Each structure stands twice: as C-alpha cells, then as structure tokens.
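Colleague: I have just opened this one and would like to go through it with you. Could you take me through the overall layout, and then the DNA?

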2 protein chains.
Amino acid sequence: MALEDYERPSVTTDLVVFSVREGKLNALLIKRGVVPFKGGWALPGGFVNIDESIDEAAKRELQEETGVKDIFLEQLYTWGEVDRDPRGRVITVSYFALVKDNEVELKASTDAAEVKWFDVNKLPKLAFDHDKILKYAIQRLRWKFEYTTMAISLLPKKFSISQLKNLYEVVFEREFDKRNFYKKILSLDILDEKGMQENVAFRPAKLYSLKKGAESRVVAMV
Amino acid sequence: MALEDYERPSVTTDLVVFSVREGKLNALLIKRGVVPFKGGWALPGGFVNIDESIDEAAKRELQEETGVKDIFLEQLYTWGEVDRDPRGRVITVSYFALVKDNEVELKASTDAAEVKWFDVNKLPKLAFDHDKILKYAIQRLRWKFEYTTMAISLLPKKFSISQLKNLYEVVFEREFDKRNFYKKILSLDILDEKGMQENVAFRPAKLYSLKKGAESRVVAMV
DNA sequence: ACAAAAGTGTTGAGAGTACACCCATGC
DNA sequence: GCATGGGTGTACTCTCAACACTTTTGT
C-alpha cells in the first residue's frame, strides 16, 4: 500500500523542561491560550513541521518558549493512545531538557498565555496526559543523574564540588555525605582542576570543569 | 492553529524481534516485497492505523509476522529524520520484542516476500535506517538483561538455572562463572522451586519459576 | 575571634570475582 | 563404570556507608 492510503495522525512534541531554582527542582509549564484545556496548565510543545526532524522540532519549541539553545535535550517516550487528545488523533514525542535558570527568558505567545516555573512537588492539574509524561521525565532525570555526568551541564563552566552536591541533593531530595560525595566524584577521573573561587566571604573552593570526553561517559555518579 | 493546518507525517512501527536459536541471538527480518528497497531486508513493521494506539499497532504487527502474542514488547525510540524514508515523511516508532523460538510461526505476506531469522552477528545490509535501530535494540536488550528479570520470559515456565545462564551467555557473548551465577541468581529471591527435571540422561536439575510479583522488579542480574 | 563553608581518613560490612571438585542420573 | 551436566564453598578485593574535626578566608 502507498502512503496515501493511510489516514495520518498529527505528531507533536511535548517538552519537560527542568531547572533548579532556589534549591528546588522546577518544571516549565504554560497556561494554554487556546482550546482544548484553554486556561489550563500544560507542557510546552507543538506540532512537528513536515520539513523538520522531530529533534529539530523539539529544539525549536524549546527556543521559542525559553530562548535557550544548545542545552541538554533528549527524547523520552512516544505517547500514542488514540484518545489522548480531544481534537483528534495526536501522537506526541516527549523530550526532556535541562536549562540553567539564569539563561532562560520566558516569553508568552499566542499558544501560551503565560509561561511559569513550578516546583515539581507543587504542580497544578495538567492538561492531556501531561502528568504521566512529567512523572516519567522525573524518573529519567534521576536515572541520568545517577549514571551520567549530565548534571554538570546545569552548572557554570567552572564549579565547585559542593555546587554539584547541592544539585544532587535537590534532584534526589535527600542529603549526601560530604566526604563520601567528594571521594566518589573525584575518584571518577572526570574533572579537571580550574583554580579557586575568588572574592568569597569564607574559604574559597577549588573549581573544576568536566574533562574533555567525559560528557557522555556512563559512570555511577552516586 | 487547528490540526488541519499542519501537513501530517505518516507514522509506522518497526519491530526488532529477538529470539535465541541454536545458542545464538537472532533477529527477525523480512525481505521486502514492495518498493522501496524491494528485495532488500528490513525490520518487520507497518503503518499505525488511525483508530489504534501505537502499542496496539506494534502488537498487531508482531502477531501478523510471527503469530505470537502476549510476549515481552517494549517501545524503544522514535526515529524522525526528514529523509529517512524515500517515499516521503515517515516517522517510525521502534519496538523490541522477545519471542520463544518454538512458539513462532513465520508467515510471508504481501509486504514480506520472505521472513527469516538472522544471527545478529551475521546481518545483511538493511533498508532505511534499520541498522541503526537494530544496534540500538541490542543495547537495550543487554541493559534489560542486566537490570530486569525479563530474560526469564524467554524460558519455559519451569526452567533450570543453567538454562538461564546459557541465555545470558548468548546475549552477552561471554561466559559466566557457574558458581557465581548460581549464587547471584538464587540470592535475589526472585525464584520459586518447582521440582526436578525428569527423564534426562544425567543428573536432573532443579527447576524454578519466577516468583509472583518479580516480573517487573529492577535488580542487578549479573 | 568568629562565622561560614571547604576539605579530608578510617573502619566495617557487603558484593563481586576467581577458582576446583564431588554428585546424581541414564546408558 | 563412564559420560554428562548439576551443584556447591572459600578467600581476596573492592566499593559503599557511617562517622567528626581541622582549615581557610573575610569581616
């Protein structure tokens, strides 16, 4: 059979954009400016254009909503229940992204009456099956933190071990032993020393950056 | 914007169906009976109907190609490059499946001139981006074997530890120490004893079955 | 000198790895 | 009794977890 013989579904991407703000894990949501679920909160996202790859569509959406590019973005899962969208048959490919709070510029648009960060522990009711997608994304985020060096992409180029430790404590919602954390991270041989903090009101910390080539290494981080 | 304002891509599923045959890990391929790549080998798969979920489409394809149902089937990844299919814009959601060799009945169809098992180390050139998909599936398969009890779904209801060990050796292409393997598996507390082998020409093995509730447990298996 | 955060070592428990011999059965 | 695969224990190493004090800096 030829392509034309099949009725085609619409395909969208939905993004779970995470950031750490004021010591909490936050996710980006938009207030829908259009039906269905007009006025309800939902994940940012939109249709995949016919001449762009799904990854490109996700990247474009991320930039439209946050102004951010060149940041960690990874496909999560594809949701294809027949009735997940009241407008008709819509398949969505979900992605998750990590952005640095201070590099983000939120902008409303026609689709999004409002764009806002929410503490993942204080989420509103979400449109479509977006609560399921968000739960899935949090699991994946934790997994990524546990087994990859991805967390470091959320920190400045030079960072201290304690900044990294804070990040892990926010994502896993528990404390890590300082000595064990230092020992573990330093034993992985993934960091280069990059001098010291300056102008701090207490003992300056050593700064590190991720070693070249360690970006995609799979290591047990914690 | 409304759904109608977007030109829609076609959506297919592609299946990587694994089985263990004669001590080797095999994948199921079809010889394409239609253009493009007519006469070339490809993964089984097909279009997602407008009134079925993607999971249902994958399940249906699996049954059409192998006659198998109720077996391990899991979504892998969604491939959405613009030019991945010469017929036009086709997005494919890949799945991987595990089937028991002896429960499979291969059938050719209009789309598939021939259906055949291939040793994953002796694969022919594949159509589309199917070699990438297959590589991805093998990675995932190994990960699943390492961290879940999924391997057991490939064995008969009652099985011996050495059958399980053989399976792991095939998938990881290396040997496991017999004593350590027995010790590790039995220490996980995921098996129930189910009597002994009968009518074997040597010392009969103890048989086990997977404990109720252990199907989805995440454990380090090896 | 004090406030604030940085940095550092040891010990015990449990898990992984390496390694070789006896056992039960059918023929 | 022999061929075939089943089943078992010990010692070493390494990793993980628990635990508290000293150091450096700015004010």
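**Layout and DNA contacts**

Modeller: In chain A, the centres of domain 1 and domain 2, taken over C-alpha atoms, are separated by 29 Å. Before going on, this is a predicted model, in which local features need pLDDT of at least 70 and side-chain atom pairs count only at pLDDT 80 or more, while totals for chains, interfaces and linings use all residues. Residues are numbered from 1 along each chain as its sequence is written, chains are lettered from A and ligands numbered from 1 in the order in which they are written, and side-chain values use heavy atoms, with hydrogens and water left out.

Colleague: Which residues belong to domain 1 and domain 2 of chain A?

Modeller: Domain 1 covers 3-146 and domain 2 covers 150-216, with bounds that come from an automatic or database domain assignment.

Colleague: And how many residues of the two domains are in contact?

Modeller: In chain A, 16 residues of domain 1 are in contact with 12 residues of domain 2, where contact means heavy atoms within 4.5 Å.

Colleague: How many helices and strands does chain A have?

Modeller: Chain A has 4 helices and 9 strands, counted as DSSP runs numbered from the N terminus, with helices being H or I of at least four residues and strands E of at least two. From the N terminus on, the order is β-β-β-β-α-β-β-β-α-α-α-β-β, and the C-alpha atoms of chain A fill a box of roughly 65 × 40 × 30 Å along the principal axes.

Colleague: On to the DNA. Which residues are closest to strand D?

Modeller: Strand D is surrounded by 20 residues, of which the closest are Arg203(A), Ser162(B), Lys178(B), Phe202(B) and Lys206(B); a residue is near a strand if one of its heavy atoms lies within 4 Å of it. By class, that surface has 8 nonpolar, 2 polar and 10 charged residues, with Ala, Val, Leu, Ile, Met, Phe, Trp, Tyr, Cys and Pro counted as nonpolar, Asp, Glu, Lys and Arg as charged, and the others, Gly among them, as polar.

Colleague: What do Lys178(B), Tyr182(B) and Lys206(B) reach on strand D?

Modeller: Lys178(B) has a polar side-chain atom 2.8 Å from a base oxygen of strand D, and Tyr182(B) has one 3.4 Å from a phosphate oxygen. For Lys206(B), a polar backbone atom is 2.5 Å from a phosphate oxygen of strand D. A polar contact here is a pair of N or O atoms within 3.5 Å.

Colleague: What about strand C, which side chains come to its bases?

Modeller: Among them are Lys183(A), with a polar side-chain atom 3.0 Å from a base oxygen, Arg203(A), with one 3.3 Å from a base nitrogen, and Asp177(B), also with one 3.3 Å from a base nitrogen. The largest share of the surface near strand C, 5 residues, comes from H4(A).

Colleague: Back to chain B. How do H3(B) and H4(B) pack?

Modeller: Helix H3(B), residues 161-172, packs against H4(B) at an angle of about 110° with the axes 10 Å apart, the axes being lines fitted to C-alpha atoms over the stretch in contact and the angles running from 0 to 180 degrees between N-to-C directions. The two helices are therefore roughly perpendicular, a label given to angles of 65 to 115 degrees. Residues of H3(B) in the contact include Ser162(B) and Tyr168(B), and those of H4(B) include Lys178(B) and Tyr182(B).

Note on methods
A polar contact is a pair of N or O atoms within 3.5 Å; within protein, one must be able to donate a hydrogen and the other to accept it, and residues adjacent in sequence count only if both atoms are side-chain atoms. Angles under 35 degrees count as roughly parallel, over 145 as roughly antiparallel, 65 to 115 as roughly perpendicular and the rest as oblique.
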